[in-house]
Amino acid sequence: MRRCGPSAGRYLYTPYHLPLSALLPSVFHSLFPSSLLSSSLDSTTTELSDSFPISLYLKPKMALEVTQILLNAQSVDGVTRKHAEESLNQFQDQNLPAYLLSLSNELSSNEKPNESRKLAGLLLKNAVDAKEIHRKNELAQRWLSLDSQTKSQIKNSLLQTLNSQISDARSTASQVIAKLAGIELPHNQWPELIVSLLSNIHQVEPHVKQATLETLGYICEEVPAQVVDQDQVNRILTAVVQGMNSTEQSSDVRLAATRALYNALNFAQANFSNDMERDYIMRVVGEATLSPDVKIRQAAFECLVAISSTYYEKLQPYMQDLFNITSKAVREDQEQVALQAIEFWSSICDEEIDILDDYRSEYTADSEIPCFYFIKQALPALVPLLLETLLKQEEDQDQDEGAWNIAMAGGTCLGLVARTVGDEIVPLVMPFIEENISKPDWRQREAATYAFGSILEGPSPGKLAPIVNLALNFMLTALARDPHNHVKDTTAWTLGRIFEFLHGSAVETSVINNENCQQILTVLLQSMKDVPNVAEKACGALYFLAQGFEEEGSVSPLTPYFQDIFQALLFVTHREDSTESHLRTAAYEALNEVVRCSSEETAPIVMQLIPVIMLELHQTVESAQKLTSDEREKQNDLQSLLCGCLQVIIQKMGNLESSKYAFMQYSDQIMDLLLKVFASRNATVHEEAMLAIGALAYTAGANFAKYMPQFYQYLEMGLQNFEEYQICAITVGVVGDLCRALEDKILPFCDGIMTQLLKNLSSNHLHRSVKPAIFSSFGDIALAIGENFEKYLVYAMPMLQSAADLAGSNVSQDDEMLDYTNQLRNGILEAYSGILQGFKGSVKMQLLLPYVSHVVGFIDTMYNGREMDDVVMKSALGVLGDLADTLGGHVGPLIGQSSSSKELVEECLVYDDPSIRESAEWAKLAITRAVSG
């Protein structure tokens, strides 16, 4: 776990895709105990109820009544609270401008109670902003559509609130101003805002300066950097840095300024390119790390962390001073400051790991992104500093799931250092391990073990294997016999790391062999009976041990112990304390991995698991109606794990010829159980059940057709589930599984499936991540039903063409957007490929000819943009080959005239990836036949 950045949780978010009546309980649950809240709000009311105070719109005492309603909305009395919530909901629905004005007036009035002002501010923010992107855009458009006078009154009221003596009111107003700035500034509205705020910096009252700096910081967080011109950026940074200066008398002002700088750093590209300005900013930040106020010191180090990632290439002149500042903080300062000082070095590691990975560790001085090897240079002093931190453990931190302290941060950073410098870290850490591993003080033994585990990723197996071979027996003994749980917890974690990085087919010489495997298993299975946190780590170690044998089949050293392993893991799942430390989850994950590495020889043992897992799943279904809400939540978790386990068993047994027939005898019972599981309203359970059904369809093949009449309603429900879009995405994947299993037997259900998929693509409410898979599923359906896809062409092809126009040339500098664009491109190409193959050999294949030029043009556009990843490149080659193979001489001249297509194929014939070369060779052959034919 890594934590950094200014105070988390500044903004209170709620599930904005719901109507206000459903939002309010979320807001209130964040403020008050759940026992005081009611979630049963009526969001369907469209007319004013008799009890709704019409005076909110008409009478002069409106403000007084709004105040009382806001107070009532926080009442401990459920009836009073519900009535107030309904009133607020109706007020927003019936007269949005008056609602927003009332809230802003409530927030700005110093005569109003703090409680009503705070809730007014939260409701106002929730009325203009949301976390979910579609809802956020909706609310932004709703705000922009308001009349200018209303907007102006609200904005002026918010700016006035920055003068309030009440800090909560100022802070809330700052956040709402920033949200509105994020909406208006990109549309060239509210141009006077920043000038107005900067004028406040010269106010005498510290609380006004503090609120203004806080607001500027939030604006920098909300508004894209390109929206604010450089002159205003310079003025903002000047105000912020002046506020940070040690000459500033008010600690509140200095803290607000330091936090504002954190948010403004992305705006400071030009300033950090100027040596004099950069030096000044770094000096002021450095001075802030020495402030007597711990919050200011913490915020200053948070700035250094952000600077290390944003301006890594500018840090070289400051690194010696930064090491001195951070090492002093790690050794002497309070924990929250020391954690950020360690995070600075973790961030430097992240940057250098990324740079070296990008250049495959072959960085040269001519590279566009330089690596300055700061970690390598600091290694002799940095490693001892981090090793010191490992001795600062907290009692019982091993049993605290949310624990994060100096020792854990130091170990995490040490692991990143190992990944950055590789073998060079080993001789610097080994003396510490050897000195402390056998000490009577548990802290020293645990620190030595933690250090060992932390450096197992990064150095070469050749460097580590001799050390691990010597240490393995010692580690197993410590896990079995050490008297302190914390030491055993860390030892089991370290063993898991050994099995993860120094064991398996990718490792030339594995540290695991037939001789030591039995001893390892004996200790791990015994440790699964230990306290939950130790047992959970032992299950994790077994997971990685089994994973390393996944490709070895019948020669796996685990084979003789399968029965014992399954019994031990099932025993763990039934422990009364199995819900602690994620123990039950770890046990099922280990069980699944052992099943994956099973073979023909161990298949009969795996088959014995099926009735056991089915019985447990049946029991959860039968008892679902008799549970409390807490019990139901635990039951849902168990159902998810059991469905996941069934999925793995189905996949494995269905792929083994010796067990497939015997396994299929259970298919009716399994399907019946999985259909009953859909009665649960838990998203995770539905995901796992749907995945299990997809696996069963793949295994059953055409025989799955008998289940479709019952299953179809749940398939349709999954495709319609926009709110829990992960379920929708998984269901789209299952459509592909069904197509491959049923082939043309899917035809009776295709009208409903295609109708829903087309609706999904047209919807702005469905998360965009689902849409590439929907396009791909068009190809699956076409491939399954062949020329019967004719009736859907008129709908599917225009949709594909529109998406291709968007994705073909939509090249973004943003990595996340570029990844999504390539996913979309690949989905479109897979659709084209499936449709082409589906019509191959059919007399109706000429129906595709009108679309050919657009398909070729799409590939040309992508190739010329030079932003295709390897997956897209391979799919593009496949489509070119399918065009030529299916339509032959009809398209030969068109493809032949496309210089981009020709260049793509020629380029891929000499590509590093052999699968891409193979695709290029096939495409070239098909195109040659088409052109010559």
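Visitor: Does Lys 488 count as buried or exposed, and at what relative accessibility?
Guide: In this predicted model, a residue is called buried when its relative accessible area is under 20%. Lys 488 falls below that cut-off and therefore counts as buried, its relative accessibility being 10%.

Visitor: Which residue forms a salt bridge with Lys 488?
Guide: The closest N and O atoms of the pair are 2.8 Å apart. Lys 488 lies in helix 24 (residues 485–501), while its partner sits in the loop between helix 25 (514–527) and helix 26 (532–547), so the pair ties together parts that are 42 residues apart in sequence. The partner is itself buried, with a relative accessible area of 17%. The residue that forms this salt bridge with Lys 488 is Asp 530.

Visitor: In which helix do Asp 275 and Arg 278 both lie?
Guide: The side chains of Asp 275 and Arg 278 meet in a salt bridge, at 2.9 Å from N to O. Asp 275 is partly exposed, with a relative accessible area of 48%, whereas Arg 278 counts as buried at 8%. The two are three residues apart, about one turn of the helix, and both lie in helix 15.

Visitor: Which helix gives the most residues to the largest nonpolar core?
Guide: The largest nonpolar core has 309 residues, and Phe 704 is among those with the most contacts inside it. Leaving aside its neighbours within four places in sequence, Phe 704 is in contact with residues including Met 671, Phe 711 and Leu 742. The helix that gives the most to this core, with 12 residues, is helix 18 (residues 335–358).

How values were computed: Residues numbered from 1 in each chain as written. Predicted model: local features only at pLDDT ≥ 70, side-chain atom pairs only at ≥ 80, totals over all residues. Heavy atoms only, no water. Core = buried A, V, L, I, M, F, W, Y, C linked by side-chain atoms within 4.5 Å. Buried < 20%, exposed > 50% of the residue type's maximum accessible area, 1.4 Å probe, protein only. Helix = DSSP H or I, 4+ residues; strand = E, 2+ residues; numbered from the N terminus. Contact = heavy atoms within 4.5 Å. Salt bridge = Lys/Arg side-chain N within 4 Å of Asp/Glu carboxyl O.
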